[in-house]
Amino acid sequence: MFNRKLLELLVCPVSKAPLVYRSQSEELWCSASGLAYAIADGIPVLIAEEARELSPEERETLREGG
């Protein structure tokens, strides 16, 4: 379970932009860098080298506010 209060303090380590919690995939997404960061045992793994790139469809979802 991810602590949503923590989300208010976190930013993308690459772009320094806010992150969006995606409960379906248990990830934090950044629209600015286009990266998705995993959450392992409730702890965000904010290491750029371990992040995955968002697909074009996922980026569009973020742009639409979803």
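Guide: Partly exposed means a relative accessible area between the limits for buried, under 20%, and exposed, over 50%. The structure discussed here is a predicted model.

Visitor: Is Arg 52 buried, exposed or partly exposed?

Guide: The relative accessibility of Arg 52 is 31%. Because buried requires under 20% and exposed requires over 50%, Arg 52 counts as partly exposed.

Visitor: Which residues are joined with Arg 52 into one network of salt bridges?

Guide: Arg 52 meets Glu 27 at 2.9 Å, N to O, and because Arg 52 lies in strand E5 while Glu 27 lies in strand E2, this pair ties together parts that are 25 residues apart in sequence. Arg 63, which forms a salt bridge with Glu 60, is exposed, with a relative accessible area of 60%. Salt bridges that share partners join Arg 52 into one network with Glu 27 and Glu 58.

Visitor: Why are Cys 12 and Cys 30 not bonded, and how many disulfides does a search of the whole structure find?

Guide: A disulfide needs two cysteine sulfur atoms within 2.5 Å, whereas the sulfur of Cys 12 is 3.8 Å from that of Cys 30, its closest cysteine sulfur, and therefore too far for a bond. Cys 12 is buried at 0% relative accessible area, and Cys 30 likewise counts as buried at 0%. The number of disulfides found in the whole structure is zero.

Visitor: Over the ring of which residue does the charged end of Arg 22 sit?

Guide: The structure holds zero aromatic pairs. The charged end of Arg 22 nevertheless sits over a ring, 4.5 Å from its centre, and that ring belongs to Trp 29.

Technical notes:
Residues are numbered from 1 along each chain as its sequence is written. This is a predicted model: local features need pLDDT of at least 70, side-chain atom pairs count only at pLDDT 80 or more; totals for chains, interfaces and linings use all residues. Side-chain values use heavy atoms; hydrogens and water are left out. Rings of Phe, Tyr and Trp (its six-membered ring) pair if their centres lie within 6.5 Å; planes under 30 degrees apart count as stacked, over 60 as edge-to-face and the rest as tilted. A charge sits over a ring if NZ of Lys or CZ of Arg is within 6 Å of the ring centre and within 35 degrees of the ring normal. Buried means under 20% relative accessible area, exposed over 50%, partly exposed in between (1.4 Å probe, protein chains only). A salt bridge is a side-chain nitrogen of Lys or Arg within 4 Å of a carboxyl oxygen of Asp or Glu. Helices (H or I, at least four residues) and strands (E, at least two) are DSSP runs, numbered from the N terminus.
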